[in-house]
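Student: I would like to learn how to read a structure like this, one feature after another. Could you walk me through it?

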Amino acid sequence: MMDDDVESGNRLRSFPNMRSKPYNPLIFRFFMGINVRVLLIILLLGFGAIFYIGARTSPVIIFVFTICIISFILSIYLTKWVLSKDEGPLEMAQISDAIRDGAEGFFRTQYGTISKMAFLLALVILSIYLFRSTTPQQEASGLGRSTSAFITVAAFLLGALCSGIAGYVGMWVSVRANVRVSSAARRSAREALQIAVRAGGFSALVVVGMAVIGIAILYAIFYVLLGVDTPGSMKVTDLPLLLVGYGFGASFVALFAQLGGGIYTKAADVGADLVGKVEQGIPEDDPRNPAVIADLVGDNVGDCAARGADLFESIAAEIISAMILGGTMAQRCKIEDPSGFILFPLVVHSFDLVISSVGILSIRGTRDSSVKVPIEDPMTILQKGYSVTIVLAVITFAASTRWLLYTEQAPSAWLNFALCGLVGIITAYVFVWITKYYTDYKHEPVRTLALSSSTGHGTNIIAGVSLGLESTALPVIVISVSIVSAFWLGHNSGLVDEAGNPTGGLFGTAVATMGMLSTAAYVLTMDMFGPIADNAGGIVEMSQQPESVREITDVLDAVGNTTKATTKGFAIGSAALASFLLFSAYMDEVSAFANEPFKQVDIAIPEVFVGGLLGSMLIYLFSAWACSAVGRTAQEVVKEVRRQFIERPGIMEYKEKPDYGRCVAIVASAALREMIKPGALAIVSPIVVGFLFRILGYYTGQPLLGAKVVAAMLMFATVSGILMALFLNTAGGAWDNAKKYIETGALGGKGSDSHKAAVTGDTVGDPFKDTAGPSLHVLIKMLATITLVMAPVFL
């Protein structure tokens with residue numbers, strides 16, 4: 001069929017597969033090979049064991065298990081609903097198959113590399129823990145070095161595995177939903193929107209549900225196996241510290257997934273745009289562009305797989321840090337039953353699954369798709385669903401605080417913590433609004449940026465950089481107000497230690513972080529909507545559908561750019577709060593190992609100040625290496641695309657077919673090669689710095705110098721990283737939507753000088769918003785978790 005089209009000079013309507021057969025991960029192939037009845041028995045036995053362990057731990061754990069399993073059942077319903085939709089004409093299905101094969105091939109290779117590095121790091125962690133000192137609490141409970149070492153390594157590997165599965169789930173649904181959204185766009189915009197949202201909802205429910213149930217299962221197993229709260233054993237308030245390895249494993253996988261996926265997607269995008277749009281003057285996603293399939297594959301491995309692992313890691317880190325702080329506060333206040341303060345984060349995110357499901361299902365298609373109606377703004381529809389979720393979040397959060405945080409020692413404390421949660425929910429909403437204001441072309445900043453394109457490429461770049469710099473101000477003010485407000489609400493909750501000192505401040509900040517992430521599943525749904533809509537538009541363009549269909553997917557794509565930008569802003573805000581909690585947990589961990597107070601870090605000490613400088617430098621060096629990785633890979637793509645246009649001149653007249661597979665292979669191999677250096681920098685830096693200053697402290701009589709320097713490094717890296725990530729994400733999103741605004745017909749429309757300048761800006765912003773920016777907020781949280789896990793190295 002391909003050869004017939006080429007010989008006759010018709011437009012290309014057939015697309016080759018990148019690989020010969022579909023790929024499924026080993027664990028999926030194992031279960032698929034089991035007899036259905038045997039598999040059902042195994043699942044029933046597994047659920048029975050989970051609920052048995054949960055019943056021996058706490059009724060709250062049973063509640064969490066139940067909600068998570070129900071959410072998994074709902075996600076299966078959403079999957080069946082999405083997959084029941086038609087794939088459209090044959091050419092659409094063939095393009096989708098090529099995208100799917102390329103994405104799954106890269107995923108297999110990338111995660112194979114990550115798994116090898118994870119096992120290597122697990123051996124390093126095991127070696128460190130086998131020779132480290134133990135805390136007085138561990139000695140009192142009889143938890144030896146070897147037990148602690150194997151528990152931490154097991155938690156690390158489980159967190160890495162779950163994070164990898166979360167990434168695969170995100171990619172699995174996107175590569176199957178894209179063609180169904182394309183097909184639905186031929187009938188109605190509302191139906192296409194509903195399919196994209198429900199596909200994203202499936203991924204979101206699975207990712208959040210896995211994060212919650214994974215930690216709950218680990219907590220329950222440790223509780224039962226270690227005999228927690230029995231005479232001579234570990235106290236329940238110390239148990240959350242054993243979960244830190246889980247968060248580190250999730251962070252490790254998320255960082256490399258985001259780096260590799262981000263390099264892949266933006267190198268392909270930049271290469272395709274520079275030669276296709278700028279040099280050849282062909283439309284975006286034109287089938288004549290040899291890099292177009294690689295570009296569409298990148299949307300799935302970068303924006304879907306990486307973002308799934310990213311949010312999984314965010315929720316895991318926030319839950320574990322809040323559990324640690326809740327247990328520490330309950331212990332200091334001598335609360336009779338501290339389990340409510342420890343398990344509270346799990347309940348909040350269980351309710352997140354419920355309320356986000358309601359928000360997802362509230363977005364419905366038109367009853368009669370044959371009736372042509374005006375295109376309703378998709379952003380308005382998504383915001384209505386988000387508003388429903390926000391209202392339900394306020395109600396369920398208040399109920400959760402009354403249920404689990406009520407104590408006779410301070411009867412009104414639960415109300416203060418409910419207000420802390422409200423602060424977090426408002427912060428999330430404001431963050432989404434601020435990012436939308438700076439990245440949506442309905443608002444002045446992006447339109448001003450588009451206007452600057454009319455005077456040339458240089459003014460577009462200047463305007464985009466200034467917009468990104470300006471966009472850091474409001475989010476920082478919001479974060480500052482929320483941290484201080486939540487701290488003082490918790491501080492004045494009435495909870496005091498034996499000396500009468502208020503102790504609820506840090507836990508109040510933890511509750512605010514939980515409030516901010518209490519709608520995480522719906523936010524991830526909006527995030528997944530973006531790349532699915534982008535892929536759908538590419539399939540429509542490549543299969544040469546009517547202009548009316550492309551108009552619908554263009555609208556969805558523009559909204560998808562905004563939702564991706566807003567969810568990145570949301571992720572940065574939550575990363576700032578979660579890093580603050582992990583920093584506090586790190587100081588408590590150092591205090592426990594050193595057996596002396598460690599409550600503040602004095603940056604007037606020269607070595608400590610140097611640690612801060614190194615932390616800030618790490619952010620800039622990491623960002624530089626991530627962006628340069630995209631640049632080098634994009635150069636290879638540009639050379640290959642130019643070569644094909646020169647050697648196959650018939651491509652432009654649809655007389656020869658491009659070699660899509662060659663570009664896919666180039667980008668895949670380069671992305672895997674380029675992700676190693678910045679990832680290794682992030683992991684090795686805090687360990688090396690802490691160890692070197694520990695040795696210096698030993699010879700200069702400063703026993704805690706290593707821990708103090710690492711604390712300063714973490715503190716400065718968090719501050720610098722938040723600002724840099726805000727700048728990169730917002731500037732990149734604004735450049736992208738300024739181009740989209742001009743493509744609607746403004747300022748001369750497609751092909752005009754303004755459009756060419758806007759394409760240049762978009763190209764510059766690509767590695768900002770999809771590689772360096774998203775990787776930074778993962779880096780911030782990974783630095784916090786790695787310092788928490790490696791604390792003994794610094795002492």
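Student: Let me start with a single residue: is S314 buried or exposed?

Tutor: The general idea is a cut-off on relative accessible area: buried means under 20%, exposed over 50%, and partly exposed in between, with a 1.4 Å probe and protein chains only. S314 has 3% relative accessibility, so it counts as buried. Before we go on, a word on the source: this is a predicted model, in which local features need pLDDT of at least 70, side-chain atom pairs count only at pLDDT 80 or more, and totals for chains, interfaces and linings use all residues. Residues are numbered from 1 along each chain as its sequence is written, and side-chain values use heavy atoms, with hydrogens and water left out.

Student: Where does S314 lie, and which residues does S314 touch, not counting those up to four places away in sequence?

Tutor: Helices (H or I, at least four residues) and strands (E, at least two) are DSSP runs, numbered from the N terminus. S314 belongs to helix α10, residues 292-332. A contact means heavy atoms within 4.5 Å. Leaving out residues up to four places away in sequence, S314 touches L517 and K781.

Student: How many helices and strands does the protein chain have?

Tutor: There are 24 helices and zero strands.

Student: How do I read the overall dimensions of the protein chain?

Tutor: Begin with the C-alpha trace, which spans about 85 × 60 × 45 Å along its principal axes. Then take the radius of gyration over C-alpha atoms and set it beside the globule rule, 2.2 Å times the number of residues to the power 0.38. For 795 residues, a compact globule would have a radius of gyration near 28 Å, and the protein chain has 26 Å, which agrees. Buried residues make up 63% of those 795 residues. Among contacts with a separation of 6 or more, 84% come from residues 24 or more positions apart.

Student: What about the surface that the protein chain exposes?

Tutor: Accessible areas come from the Shrake-Rupley method with a 1.4 Å probe; for residues, only the protein chains shown count as cover. The protein chain exposes about 27,700 Å², and carbon and sulfur atoms supply 64% of it.

Student: How many salt bridges are there in the whole structure?

Tutor: The criterion is a side-chain nitrogen of Lys or Arg within 4 Å of a carboxyl oxygen of Asp or Glu. The search finds 26 of them. In one, R550 pairs with E541, with the closest N and O atoms 3.9 Å apart, and both residues are buried.

Student: Which parts does the pair E636 and R673 tie together?

Tutor: The closest N and O atoms of this salt bridge are 3.1 Å apart. E636 sits in helix α20 (residues 606-647) and R673 in helix α21 (residues 660-674), so the bridge ties together parts that are 37 residues apart in sequence. E636 is partly exposed at 33% relative accessibility, and R673 is partly exposed at 47%.

Student: And how far apart are the closest N and O atoms of K769 and D736?

Tutor: They are 3.4 Å apart in this salt bridge. K769 lies in helix α24 (residues 753-789) and D736 in helix α23 (residues 705-743), so this pair ties together parts that are 33 residues apart in sequence. K769 is buried, with a relative accessible area of 5%, and D736 counts as buried at 6%. Salt bridges that share partners also join K266, D269, D557, D736, K739, K740, D762, D766, K769 and D770 into one network.

Student: Which residue other than glycine has a phi near 60°?

Tutor: For backbone angles, look at the sign of phi and the residue type. Q544 has that positive value; Q544 is in the loop between α18 (520-542) and α19 (547-594) and counts as buried at 18% relative accessibility. L747, also not a glycine, has a positive phi of about 55°. L747 lies in the loop between α23 and α24 and is partly exposed, with a relative accessible area of 33%.

Student: Which residues does D534 touch, apart from those up to four places away in sequence?

Tutor: D534 touches L296, D299, D557 and K564. D534 is in helix α18 and, at 12% relative accessibility, counts as buried.
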